[in-house]
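Trainee: Please take me through the terms used here, with the value behind each one.

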Amino acid sequence: MTEKQSPKLNIKELTALAEKGDSNAQYDLGWIYESGEGAKKDLAEAFKWFSLAAKQGDPDAQFNLAWMYESGEGTKQDLKLAKKFYELAAEQGDPDAQFSLALVLANAPGKEQDLISAYHWLTLADIAEIEEAIDVRDEIEEDMSDADIVQAEMMTGEWIRTHGVDDESLQ
């Protein structure tokens, strides 16, 4: 789960803001209910608030919602929805989501498995210094053809050209 910062408002104030559509307050409430810090742990409430923030494009909420779908915590397990929300956060440059999406793609059953896309996301996660990314990428590379690797590298190059790369991740 991704944590932005501990919320500074009390739960009543956050709820009022969240009910008005404030995505930061929605995320904060999701985090409070998921962690049990500031309120009784309630995964169904966490799921509700993460869902609302995720639908507004909050990448941290999208990541946490994906994790909940993947793990079945607070909702019924649904790997297709987990993949969808990891992808939304990954496209916004969230390295944890890029890594998690790659794992979902690499470990998917049968025709749903996509090693080329997994390699692409693992490369981006590696650039962002997710330590395990390079090891996982090396593992799946063994099951890929040279053409597959070239295609994945082209995807990564295109993604970097259109999205850029955080300068801090290159240092």
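Trainee: Which residue follows H3, and what is the sign of its phi?

Mentor: Gly57 follows H3, and its phi is positive, near 95°. The model is predicted, so local features need pLDDT of at least 70 and side-chain atom pairs 80 or more, while totals for chains, interfaces and linings use all residues. Residues are numbered from 1 along each chain as its sequence is written, and side-chain values use heavy atoms, without hydrogens and water.

Trainee: How do you know that the length of helix H3 agrees with its residue count?

Mentor: H3 covers residues 43–55 (a helix is a DSSP run of H or I, at least four residues, numbered from the N terminus). The expected span is 1.5 Å times one less than the number of residues. For the 13 residues of H3 that gives 18 Å, and the end C-alpha atoms are 18 Å apart, so the two agree. Helix H6, residues 95–107, also has 13 residues and reaches 18 Å, close to the 18 Å expected.

Trainee: What is found at the start of H3?

Mentor: A side-chain oxygen of Asp42 comes within 3.2 Å of the backbone nitrogen of Ala44. At the N-terminal end of H6 the cap is Asp94, with a side-chain oxygen 2.9 Å from the backbone nitrogen of Asp96.

Trainee: What makes H3 oblique to H4?

Mentor: Their axes, which are lines fitted to C-alpha atoms over the stretch in contact, come within 8 Å and cross at roughly 135°. Under 35 degrees would be roughly parallel, over 145 roughly antiparallel and 65 to 115 roughly perpendicular; the rest is oblique. The angle of H3 to H4 therefore makes the pair oblique. The contact (heavy atoms within 4.5 Å) involves residues including Phe47 and Phe50 of H3, and Asn64 and Leu65 of H4.

Trainee: Why is Asn64 called buried?

Mentor: Buried means under 20% relative accessible area, exposed over 50%, and partly exposed in between, with a 1.4 Å probe and protein chains only. Asn64 has 0%, so it is buried. Asn64 sits in helix H4.

Trainee: Which side chain does Asn64 join in a polar contact?

Mentor: The side chain of Tyr27, at 3.5 Å. A polar contact is a pair of N or O atoms within 3.5 Å; within protein, one must be able to donate a hydrogen and the other to accept it, and residues adjacent in sequence count only if both atoms are side-chain atoms.

Trainee: Which helices do the buried residues of H3 pack against?

Mentor: H1, H2, H4 and H5. Among the buried residues of H3 are Trp49 and Ala54.

How values were computed:
Helices (H or I, at least four residues) and strands (E, at least two) are DSSP runs, numbered from the N terminus. Axes are lines fitted to C-alpha atoms, for helices over the stretch in contact, and angles run from 0 to 180 degrees between N-to-C directions.
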